[in-house]
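Q: I would like a close look at one part of this protein, namely its largest nonpolar core and the residues and loops around it. Please take me through it in one connected answer.

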Amino acid sequence: MADIISGTEMRAAILDELRQEVEAIREKHGTVPGLVTILVGENPASISYVTLKVKTALSLGFHEIQDNQPADVSEEALLALIDKYNRDPSIHGILVQLPLPKHIDENKVIYAIDPDKDVDGFHPVNLGRMVIGGDAVRFLPCTPAGIQEMLVRSGVEMAGAEVVVVGRSNIVGKPISVMLGQKGPGANATVTMVHTRTKDLAEHCRRADILIVAAGVPGLVKPDWIKPGATVIDVGVNRVGFNEKTGKPILSGDVDFAEASKVAGKITPVPGGVGPMTIAMLMKNTVRSAWYHLGR
């Protein structure tokens, strides 16, 4: 059976490390990292995500502002709000929870955030820095950063490894493909990015020493698609049912976990895998931003 890569356990270790950094910032500069989370409307999933982010930030001792806006807030008003936080020296990270109502252009909102406070790593400037790599990097997108961190902390050898990434989204597939192909620690891999329209998708997957699946299709990857002993990172979080007893949705990844565990060498569960790492990387980016703004 495969070894389980627990994002929950890794997140706890990372947050402990960040608490020490927050204290170091407090001692050196007399302040703490500042994060503002902006929530527009009352989308239940968004409320859940933001609540967890706020709770985590407060547990680390951040200066945290939760700025809730009504669903009918104008695009102009939202952009003005972002500009206010861009100019606020006590705020080092700005997060606008997506998706936004249809009357607001998400790209305009993302572009309005100061790239040096864009702790989600979605601004084109930060994506460009990521592609350049090395010292140019300021903030990596949180989910890909979490994946890379999981691989490093699990002792997975990436230098020269065959990595296959299933999915080509701007949030996961594209950035993780670039990141693992860069020069440097935790990278130096040979990366192939595939998707649901790729010919012979299964054959590509079978070549992978490291298989990262972020297609958003429940159970897409079958056990016979996996190279024996490979590391499998399942990014999919798909709602496939509802547990009437607990009142919570039933979640499934993009990989048939039970069967894949019999073939893979290491594998992430869903839930409890990549998800917890995403928020940990958001907090890490905010601490990094604080150091940067405070002149480290």
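A: In this predicted model, the chain is divided into domain 1, residues 29-116, and domain 2, residues 142-276, and the C-alpha centres of domain 1 and domain 2 lie 29 Å apart. That division is the frame for the core you ask about.

The largest nonpolar core has 46 residues, and those with the most contacts inside it are Ile147, Ile212 and Met283. Two or more residues are given to this core by each of helix H1 (7-29), helix H6 (142-153), strand E5 (162-166), helix H7 (173-181), strand E7 (210-213) and helix H10 (274-293), and H10 gives the most, with 10 residues. Because domain 1 (29-116) and domain 2 (142-276) both give residues to this core, it lies between them. In general terms, nonpolar side chains tend to be buried together in soluble globular proteins.

Ile147 offers a way into the packing: leaving aside its neighbours within four places in sequence, Ile147 is in contact with Val172, Ile176, Ile212, Ile233, Val235 and Val274. Apart from the largest core lies another one, of 20 residues, among them Val164, Val213, Val232 and Ile267.

Helix H7 deserves a separate word. The buried residues of H7 are Gly173, Pro175, Ile176, Ser177, Met179 and Leu180, and these buried residues pack against H5, H6, E5, strand E6 (190-194) and E7. Ile176 is thus both one of the buried residues of H7 and one of the contacts of Ile147.

A polar residue can be followed from the same region. Gln148 has its place in helix H6 and is buried, with a relative accessible area of 14%, which falls under the 20% taken as the limit for a buried residue. The side chain of Gln148 reaches the backbone oxygen of Gly186 at 2.9 Å. Not counting residues up to four places away in sequence, Gln148 touches Leu140, Met158, Ile176, Met179, Leu180, Pro185, Gly186 and Ala187, and among these Ile176, Met179 and Leu180 are buried residues of H7.

Between H7 and E6, in the loop, lies Asn188, whose phi is near 65 degrees, a positive value in a residue other than glycine; Asn188 is partly exposed, with a relative accessible area of 37%. Asp200, in the loop between E6 and helix H8 (201-206), likewise has a positive phi, of about 55 degrees, although it is not a glycine, and Asp200 is exposed, with a relative accessible area of 58%.

The cysteines call for a careful reading. Cys142 is buried, with a relative accessible area of 5%, and Cys205 is buried too, with a relative accessible area of 1%. A disulfide is a covalent bond between the sulfur atoms of two cysteines. With a cut-off of 2.5 Å between cysteine sulfur atoms, the count for this model comes to 0 disulfides.

Moving on to the stretch that precedes H6, His123 has its place in the loop between helix H4 (106-112) and helix H5 (124-132), and His123 is buried, with a relative accessible area of 8%. The side chain of His123 reaches the backbone oxygen of Tyr111 at 3.2 Å, and, leaving aside its neighbours within four places in sequence, His123 is in contact with Ile110, Tyr111, Ile113, Pro115 and Asp118. Gly134, found in the loop between H5 and H6, is by contrast exposed, with a relative accessible area of 61%. From C-alpha to C-alpha, Gly134 and Pro228 are 33 Å apart in space, and 94 residues separate them in sequence.

Two cis peptide bonds can be placed as well. The bond from Leu98 to Pro99 is cis, with omega near 5 degrees, and Pro99 has its place in the loop between strand E4 (93-96) and H4. A cis peptide bond also joins Val270 and Pro271, with omega about -5 degrees, and Pro271 has its place in the loop between strand E11 (266-267) and H10, the helix that gives the most residues to the largest core.

Finally, from the record: an unreviewed UniProt entry carries the annotation "domain: Tetrahydrofolate dehydrogenase/cyclohydrolase catalytic" over residues 5-120. Over residues 5-120 the chain in this model is 50% helix and 16% strand, and the end C-alpha atoms are 24 Å apart.

Notes: Residues are numbered from 1 along each chain as its sequence is written. This is a predicted model: local features need pLDDT of at least 70, side-chain atom pairs count only at pLDDT 80 or more; totals for chains, interfaces and linings use all residues. Side-chain values use heavy atoms; hydrogens and water are left out. Domain bounds come from an automatic or database domain assignment. Helices (H or I, at least four residues) and strands (E, at least two) are DSSP runs, numbered from the N terminus. Buried means under 20% relative accessible area, exposed over 50%, partly exposed in between (1.4 Å probe, protein chains only). A polar contact is a pair of N or O atoms within 3.5 Å; within protein, one must be able to donate a hydrogen and the other to accept it, and residues adjacent in sequence count only if both atoms are side-chain atoms. Contact means heavy atoms within 4.5 Å. A nonpolar core is a set of buried Ala, Val, Leu, Ile, Met, Phe, Trp, Tyr and Cys residues joined through side-chain atoms within 4.5 Å. UniProt positions are given in the numbering used here, feature names are shortened, and annotations may be inferred rather than shown by experiment.
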